[in-house]
Structure formats: C-alpha cells, structure tokens
Amino acid sequence: MRYLIIWLLVMVSADVIGQQTNTNLNTNWEFRKVGDENWMPAQVPGCVHTDLFKNGVIEDPLGMEGEEKCKWIESENWEYRTTFLKSSLPQKQFYTIKFHGLDTYASVYLNDELILESRNMFRWYEVNVSALLKEENQLRIEFESPVKKGIDKRDELGYDLPSPSDAGDEKIASFVRKAGYQFGWDWGPRLLTSGIWKPVEIISWDSARLQGFHVVQDTVTKNKMVGKGHFRIQSSGAKNATLEIAIPGQAKRDTVVELQEGMNELSVQISIVNPELWWPRGVGSQRLYEVKGSLIVDGDKVAAKTRKIGVRTIELINEPDDIGTSFYFKVNGEPIFMKGANMIPQSVFPSSVSKAETLKLLVTAKKSHMNMLRVWGGGIYHSDWFYNACDSLGILIWQDAMFACSVYPWDDAYMENVQAEIKQQTQRISDHACIATWCGNNEVDVAWNNWGWQSEFKYDQSQQDSIWKGYQKLFSEVVPNAIRGVNPSMNYVSTSPLSNWGKDENFNHHNMHYWGVWHGTDNFDGFEKNIPRFMSEYGFQSFPILHKKSTEYAEKLLESRQKSYKGNKEIDRHIEQYFPKPKTFEDYAYLSQLTQRLAMKTAIEAHRLNGGKCMGTLYWQLNDVWLGPTWSTIDASGSWKAAHYTVSDRYQPTILLPRSDGNKFELFVSNDQLESQELNVKMRLIAFTGEEVWSEKASMTAPKSSLSKLGEWSLKEMMKNLGLKKMSVLEIQVSKSDTVLDKELFYFEKPKDLFLSNVDPEVEVVLMGDYLEVKISSPVLLKDVFLRADVECTQSENFFDVLPGETKVVNLYPKRLVVPHVKLKSLNQTYPKL
Ligand code: BMA
C-alpha cells in the first residue's frame, strides 16, 4: 500500500510538471461607469446592458421603449475588474492571459500596468503576464465608448463612409470592428453595448504550450484522405518536441520537430484510410472523425487538442455555362440543391445566447429540411458549439466575413486588424465539415455600384478611387489571403450577391439577392419571373405571433418596432391583393403571416421548379433578435410563424408542385434525393361542402435530383365534363410504398375570392396525460386555422386547413403541466358573419 501511494504521487507530479493548464478568470468581476464611485457585480462573459439590467439600474432593454431609454449607455466609458491569487494557479514558469472576446475598445491593466489595447470584437488576444504577477492581482479593463472612438476614426479620415443601417446621430459603424447589427438594422434595435463578451482564462505553462491545432484536408479519394495537422506552439527556447496525431481506428503518427524560442507554426501529415464520407443532411450521414494533436516535450504530454472533422469535398462551381455563369455546390462530386435561410445573431447581446438556445434553432433548421444556413456579415462569427452542431446535423454553412452594407476604411492599421481577425477565425472554424464557403461581405459591392452613395456623400473622384481601391484590397487580397493562408482549398466569393437584381440578364449569372419584392414594387409573381442561378436572399415581412400580452400592448409595441424604411406599406399592399381587409390588429398580424407564407411558398416553388438553372434558395431571415415586424419565419419567442410551416413543407426532399394559370393545371414532382424514387400519386377534387367530385391515380419514377412533370389537364374541359362552374380544392398526395411523402391542398383562386363561410367550427380538447389533443371539424372548409394556447406550448401543426367531413387532430405539448385555454382563428372568421 505504501508503495502504491508513493507511486501515485510520482505519477501526479510527473503529469503536472510539463503540462499546460487553463484556468478560467470569469469570476468575481465588478463593473461601473468610468467616473462613478460604486462598483456593481458583473457577469463574464456578458455586457454592460445585461449587467445594468441585472443590477436594477435600467429597465429591460427589450421592453417597451427600452431602446430609447438605453441610448445613453453607448456614449459612456465602462470599466470592469476582478482579482485573483497567484497561489490559486498551478505553479509554472509562464502565465499567459487569453481574452476570447473584448467588445471593443478595451485597455487592459494588470496591477495597474497597461498590458493590452484591443480594438476588434472579433479577435482573441493573448498577453504573457509572467513578469507582472504578484500574489494578489487585479485585472481591470476600461472600455471606451465605441461611438466616440468611431467619431475619432472618422475625423482622422476627414469624411464620412456610408453605413446606412447605423441608427445613431453620427454614422460611424464601419470604422469600428464590432457587430454591425448592434448599431441598428432594419429588423432590430440599436443597443450598442460594450464588455467582456467571451471568456477570459489564464494559461499556465512551463517549457512549451500548444496555442492551437487545426486540420486541413488536401486530397480526398475513395481510399484515403490526406491532409495536415497544424500546430501553433509557443516555446520558451530551442528544443526538440514530438507532435503526435491520433485518430481512432487509424495508425498513430509521431513526428519529431525542432522548436525555436517564441511562436512556432508546424504541420504534420495526417491521413484517414478508407474514410466514410460526410454528407449534408438529406443525402447521407454525418460521419465525424476525432483528430487529436498532442505536444510532447521531454517525454511529457504538455497539451492536446481535438478537432472533429468530416471527410468530404465541397466545390463551389462558379463558371461560364450555356445559360450564363453557374453558381452551385458539389459535395463529394454530387451537385446539391441548397435549401435554407439567412441567420442573424440570436440576440442583441450575443454573450447571453446559451448553447441550448443555439441547438434548439439548429435542430429546428434540420427538422425543416434545411441543408444550408448563411451566417450573414452584419452579425457575429458564432461560437464553437454552433459549428459543432452544424457538423453533426449536416447543415452546411455559408460563412460571411463580418462586413455588411457599408464602406470600410483601408488604412494599414485597419487592414492588419482585419487580417488578424480573419486568420484567427479561419483557424478556429474552417476545418469544420459544415463550412461550405467563405464570403467577403454582404452587399457592399452592389451598394457601392448601385445605391448612389457617390452623389449622396458628394465624393470627389479621388475619394471614390480610394474607396474602391480599398474595397478591392480588402475583399480580393486581405480577406481571401488570410483565409487561404490557413486553408488553401477553402471556397471564397468576394461578396454576396455577385449579381444585382436590376436587370433581367443578371439573373443568369452567379448568386443573387432578389429584393424586387419588398424593396422594389414587384408583386409575388416577381419570384416566378426572376429565377437566379442561386438565390442567397429574398424575403417578406410579417408580424410575430401575438402571445400573452394584451392586443393593445402588442399593437403599440410592434408598431413602434417597424424599422424598415418602407414601413408597413408592402404588408398592407400584399394583404389587400390576397385576403379580405383585416378589421382588427389581431387579424392584421395573422394576415401578415399568411401573406408572408404565400411569398415564401411562391419563391421556393419557383426555385425548385427551375432546379438545375437555380441551385439554391436561402431566404431572408430565419430568426429574430426581438419581437417586431421582420422578415423572420421564427419569431423571437421561438414560435413558428405561418411561413415556417410552409418553408418546412416546401423544403421536403420529394414534393408535389401543382401549378395553374387559370386555363390548365399541371403537376410536377421535385426529387432532391440522390436516388430515384418509385412513387404513387393520388388526386381528389373536393367540393367546399365535402363531396368528392373527381379522382385520379398514377405511378411514376422520379429520377435522382430531378423535376418530373406528371401531367397536364385543361380546366375548361374538366369543368365541362364534371358539370362544374368553378374548380374547388384539389387534394394531392404522393407516396412511396406506404409512406406519404407530401400532401397538398391546391386552390384555384386567391383566398379572398374563395368566399369562405364564417361558421363556428367544432373544437374538442382532450387531455391525454402530459399533452392535449385538439380535434377540429366543420361542416364547411376551414382555411388557415391558427391555434393559440394561453401557455407556452409546442404543437404538432398550425396554420392548416380542415376539409368538411374531416376531423383534424393536433397535439399540444404545454411547457408547464397545466391545461391551457386554446383559441382558434381561421381565415373564415375574417369574412362577414352570415
Ligand atoms: C438584406 C440583408 C439585410 C436586411 C435585409 C432586409 O439585403 O442583407 O441588410 O436586413 O436585406 O432589408
């Protein structure tokens, strides 16, 4: 026993000697406004707004008028401090503090000595503090107002740079390397915060430490993936070390290297024999391999880092073809049609987004059959857990660098700052299987060339030249070189869109943001007439689900939150085209959602009907930062708007695409899968009173990745043969063996011309243990039924139609064990009561 204890002690101390240890410094923080006397408790990671709210200094920034009441915060300077004992850290030779994210102009003092001045929210910073540590240490960080610093930078240049979304009095957003949307955007508030938005840690180490490790795949064949493991190692002096690569199921590989004093960037070969490929969801599984890179010095394993990689190739095919210029993604050699959305940050205060909240949204995206999300350039680079989840869920990421709708500075210091940011972010995220491409910016190119900034800002020729030269340097040199310096085969496009929606010919080239609907004056058929090669943005606004708050409160709140320069004009104009005039705010909010749904359905169906020419559809926007009228399909409370049910339906792998131009009816089937499908189709024409008027059955083969036309019918002939004055509703179902793949109800008229009867449906609510069954039936067709419970619930379906004679069963799963009161609304109720 004595021997055993001695042996154990030796083991422990041997382990501790060389090892690098990370200790978090996220506790005991306090903060105050610079100049104030009292310190208040603070949370790290966090930010000034959430800390002020927790301390009762301000009301909820997202409450009524919160944005206005919080405005003063952005002009103040703030300071944070904490203390720690050296004896609480492992006894080592060296200590390095790592700040994972400081927002944004931070001066960091350790024991009153300035150790760091940071100026970029998107970078991490490290400082070797070994010589400064005492037994009792104080770490203090001063944050200067981003507005004041932005003004200083602007004054240095001597003129304004456009930042149209900046809702401040001085438009300085583009001078500050900080998330663009926090300055204000057309779907969210201006809440310009400061603070320690990511963790702080201290790394204790002896002779060498592993700062980072990532993987690059060079070649992938059926038999082998060959790539490199890149190590970043800081060493206290020249010495030999061993770099070990371990991948379960593969032979271990050790490489002896010579370290120099300082930072060493070293690569070793890695390979995976007979790899199982990673695929995006819907077309294959998501096999991930753990690659562990270890640093061994003097026989001690100093540190190890693990990366999970998926073996796959992703090519972006953007080249001249018969139509114009293609734009599509090939994964493992297979062209894949991309279905997804643009994602904005999940909160105005990104430090407060939990892993669970991110996972919830991504799982929803997966369940909605999305295989790609675009991380939009006016937001943030997401946390590691976001990219990990996308790898496992099979969701590809289009990653914008954080630049949107502005012109950016071009001085050397700015370029260096961006270069460091992009290098760090590429090292952090680019070996994730999910990363399909990087993109330099959102809409900067189209803005500069089409939005009239030259005359609006009265730029002279030399200023215009400087701006455009700066643009080209940033997005054709600095950003792509930083990305490809880390990952040489990474896909990159300089901007999105590469083609602007102004001219018809432009739809034959590259990718497109089509905003003729909403920002232009096009009607929804604009989506059918304007088919791009790849649609990376389009959308339509709606109001959120009205939950518990009173309707008057909701109306006042939501009306004050319309941030689009168009106001509600487009919502009104399109509601009018399709629906009866809303009489109450509640009806208006509901109809805005049905209208948005129609926009999304029209667009997605048009894109899938033109699959081949068009190879992707990413609508604007998946999520929200607050409850307000926006383009989102999931509102800030996480509720699905009507549009989201339809997006989720229209993104299914095999769908029916019924069309009618008033004279004929055509039926298409789109099959996104990489295998052909043997399908059975059933059609029934049903009168609004319930009787079946006509039916037909057919079988077909839908080849892999195809659009097939099943048939065409003349409406005139059909009505003549059946003795009908009007076509009613067609129920169409496609199945494979016994599984129904898609079921559609097709109407031949606009909803407002259906003249639905305003009758009360029969609703029965049955408690089934921990969930409720809601049974709905009606003697006449019920359209667009919206169920709303008075407690938070998830539900199996919403915004559905009930055919006469049918009983619709919807399950409600309340968050708390109570029996909720269920309210029902339908389009029928917006018609006059008979
Ligand atoms: C797109 C986006 C955002 C904006 C949206 C709606 O072009 O890039 O800038 O929120 O339009 O206007």
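## Around the ligand

Start with H519: an N or O atom in its side chain sits 2.7 Å from an oxygen atom of the ligand. The protein covers 95% of the 300 Å² of accessible area that the ligand has on its own. Keep in mind that this is a predicted model, so every value here describes a prediction.

H519 has company. A polar side-chain atom of D186 is found 2.5 Å from an oxygen atom of the ligand, and for W376 the distance from a polar side-chain atom to a ligand oxygen is 3.3 Å. The residues around the ligand also include the tryptophans W185, W187, W515, W620 and W631. C405, N442, E443 and E537 belong to that group too. Sort the shell by class and you get seven nonpolar, two polar and three charged residues.

## The largest cavity

How many cavities of 30 Å³ or more turn up in a search of the whole structure? The search finds four. The largest cavity has a volume of about 130 Å³.

Its lining is made of 21 residues. If you want to find the centre of this cavity on screen, look for K178, G180, A404, S406 and Y408, which lie nearest to that centre. By class, the lining of the largest cavity splits into 10 nonpolar, eight polar and three charged residues.

## The second largest cavity and E586

Next comes the second largest cavity, with about 100 Å³ of space. Two elements give two or more residues to its lining: α14 (585–609) and β40 (782–789). Which of the elements gives the most to this lining? That is α14, with four residues. Among the residues that line the second largest cavity are P544, I545 and L546, along with E586, A589, Y590 and Q593. F786, R788, F799 and K825 line the cavity as well. Seven of the lining residues are nonpolar, one is polar and three are charged.

E586 is a good residue to click on here. E586 is part of helix α14 and also one of the residues lining the second largest cavity. Leaving aside neighbours within four places in sequence, E586 is in contact with L546, T551, R788, K823 and K825. Three of those names may ring a bell: L546, R788 and K825 appear in the cavity lining too. I545, another lining residue, is 41 residues from E586 along the chain, and the C-alpha atoms of the two are 9.4 Å apart.

## The second largest pocket

Now for a pocket. The second largest pocket has a volume of about 1300 Å³. Its lining has 48 residues, and K98, H100, K198, D384 and R428 are the ones nearest its centre.

Which elements give two or more residues to the lining of this pocket? They are the strands β12 (200–205), β13 (208–220) and β19 (300–309), plus the helices α6 (384–393) and α7 (412–429). By class, the pocket lining divides into 17 nonpolar, 18 polar and 13 charged residues.

## S130 in its loop

S130 sits in the loop between β9 (125–128) and β10 (136–144). What does its side chain pair up with? A polar contact of 2.5 Å links the side chains of S130 and N128. A polar atom of the S130 side chain also lies 2.9 Å from the backbone nitrogen of Y95.

Y95 shows up again in the wider list of contacts. If you skip the neighbours within four places in sequence, S130 is in contact with Q93, F94 and Y95.

## Odd spots in the backbone

Most residues other than glycine have a negative phi, and most peptide bonds are trans. With that in mind, here are some exceptions to look at. V44 and P45 are joined by a cis peptide bond, with omega at about -5 degrees. P45 is in the loop between β3 (40–41) and α2 (48–54).

D103 and T104 are also joined by a cis peptide bond, this one with an omega of about -10 degrees. T104 is found in the loop between β6 (102–103) and β7 (105–110). Then there is N111, in the loop between β7 and β8 (113–119). N111 is not a glycine, yet its phi is positive, at about 50 degrees.

Key: Residues are numbered from 1 along each chain as its sequence is written. This is a predicted model: local features need pLDDT of at least 70, side-chain atom pairs count only at pLDDT 80 or more; totals for chains, interfaces and linings use all residues. Side-chain values use heavy atoms; hydrogens and water are left out. A residue is near a molecule or strand if one of its heavy atoms lies within 4 Å of it. A polar contact is a pair of N or O atoms within 3.5 Å; within protein, one must be able to donate a hydrogen and the other to accept it, and residues adjacent in sequence count only if both atoms are side-chain atoms. Accessible areas come from the Shrake-Rupley method with a 1.4 Å probe; for residues, only the protein chains shown count as cover. Ala, Val, Leu, Ile, Met, Phe, Trp, Tyr, Cys and Pro count as nonpolar, Asp, Glu, Lys and Arg as charged, and the others, Gly among them, as polar. On a 1 Å grid over the protein atoms alone, a cavity is a set of points where a 1.4 Å probe fits but cannot get out, and a pocket is an open set with protein on both sides within 12 Å along at least five of seven lines; lining residues have an atom within 4 Å of a point. Grid points are joined across faces, edges and corners, and a volume is the space filled by probe spheres set on the points. Contact means heavy atoms within 4.5 Å.
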